[in-house]
Amino acid sequence: RPVRYTLQGIEVRGNHHTDAYTVRRLVPFAEGEIFEIEDQRIELTRIRLLGTGYFSRVTLSLRRGDQRGWAFLVIEVVERNTLLISDYALGATAAPGGPLDPALRIVPYGGITVSELNLLGRGLALSGSLAGGADGQVGVRMRLGDSDLFGSGYSLESGFLFNNAHDGLGNGSVQI
């Protein structure tokens, strides 16, 4: 016969940067709910929390509640660094000087992308990319996303893109 408990509460431990609400919204149990030790949702919760990328280790256990048959679900996490530098480039290319000066010249360029995958411990993802080159060429991209919008199960992502650059034919007058 399976052992059953009534869930008195959920405790989150080890979360120094991640808000406890961000952890709890991934837990499919509600306070007052009756559950069994063998409930598959316990392992599913551990996998879901690891899948966020916010934690390197997740352990779930039970702590005795205030009444017989009641228990607290204790979630212990070890947080990981969620600030990433995912793309970077630095280089140069040869480009024609223009119609009056057809000699090739060296044109430097560079770019970087930085992302925070757990912004303010709320599970929001913010990333920014910046690319630049000679002659004032620049590109900027910002993205903000929430993988569980207000706990609804829906996600929302918004972005901004700005480019001020020349095409691959050079930056002089193009003649065909």
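In this predicted model, in which local features need pLDDT of at least 70, side-chain atom pairs count only at pLDDT 80 or more, and totals for chains, interfaces and linings use all residues, Arg46 counts as partly exposed because its relative accessibility is 27%, a value between the limits that define buried (under 20% relative accessible area) and exposed (over 50%), with a 1.4 Å probe and protein chains only. Residues are numbered from 1 along each chain as its sequence is written, and side-chain values use heavy atoms, with hydrogens and water left out.

The side chain of Arg46 meets that of Glu43 in a salt bridge with an N to O distance of 2.9 Å, where a salt bridge is a side-chain nitrogen of Lys or Arg within 4 Å of a carboxyl oxygen of Asp or Glu. Arg46 and Glu43 are separated by about one helical turn, because the two lie 3 residues apart in helix 2 (residues 40-51); helices (H or I, at least four residues) and strands (E, at least two) are DSSP runs, numbered from the N terminus. Glu43, with 39% relative accessibility, likewise counts as partly exposed. Elsewhere in the chain, salt bridges that share partners join Glu11, Arg13 and Arg63 into one network. Within this network, the closest N and O atoms of Glu11 and Arg13 are 2.9 Å apart, and Arg13 is partly exposed, with a relative accessible area of 37%. A further salt bridge links Arg41 with Glu33, the closest N and O atoms being 2.7 Å apart, and Arg41 is partly exposed at 25% relative accessibility. By the rule stated above, the count of salt bridges comes to 10. In general, side chains of opposite charge can pair when their charged atoms come close.

As for the overall architecture, the chain has 2 helices and 9 strands, which follow the pattern β-α-β-α-β-β-β-β-β-β-β when read along the sequence. Of the 176 residues of the chain, 30% count as buried. Contacts (heavy atoms within 4.5 Å) were also examined by separation along the sequence, and of those with a separation of 6 or more, 47% are between residues 24 or more positions apart. The chain exposes about 11800 Å², of which carbon and sulfur atoms supply 55%; accessible areas come from the Shrake-Rupley method with a 1.4 Å probe, and for residues only the protein chains shown count as cover.

Several strands pair in the antiparallel sense, pairing being assigned if DSSP finds at least two bridges between two strands. Strand 3 (residues 55-64) and strand 4 (residues 70-79) are antiparallel and joined over 9 bridges, with Phe55 standing opposite Glu79 in strand 4. These two strands form a hairpin with 5 residues between them, and Gly69 in the turn has a positive phi of about 85°. Strand 6 also pairs in the antiparallel sense with strand 7 (residues 124-133), over 9 bridges, and here the bridge partner of Gly110 is Gly132 in strand 7. In the hairpin of strand 6 and strand 7, which has 4 residues between the strands, Leu120 takes a positive phi near 55°. Strand 7 in turn is joined by 9 bridges to strand 8 (residues 138-146), the two running antiparallel, and Gly128 stands opposite Met142 in strand 8. Strand 7 and strand 8 form a hairpin with 4 residues between them, in which Asp135 in the turn has a positive phi of about 65°.

Two residues of strand 6 illustrate contrasting surroundings. Thr113, found in strand 6, is buried, with a relative accessible area of 12%, and its side chain is joined to that of Ser129 by a polar contact of 2.8 Å. A polar contact is a pair of N or O atoms within 3.5 Å; within protein, one must be able to donate a hydrogen and the other to accept it, and residues adjacent in sequence count only if both atoms are side-chain atoms. Not counting residues up to four places away in sequence, Thr113 touches Leu84, Ile85, Ser86, Asp87, Gly128 and Ser129. Val114, which also has its place in strand 6, counts as partly exposed at 34% relative accessibility. In a regular strand the side chains alternate between the two faces of the sheet.

Val114 belongs to a nonpolar surface patch that it forms with Leu83, Ile85, Tyr88, Ile112 and Leu130, with about 610 Å² of accessible area together. Patches are made of residues with over 30% relative accessible area and no salt bridge, like charges being joined within 9 Å and nonpolar side chains (Val, Leu, Ile, Met, Phe, Trp, Tyr) within 5 Å. Strand 5 (83-96) and strand 6 (104-119) each supply at least two residues of the nonpolar patch, and the largest share, 3 residues, comes from strand 5.
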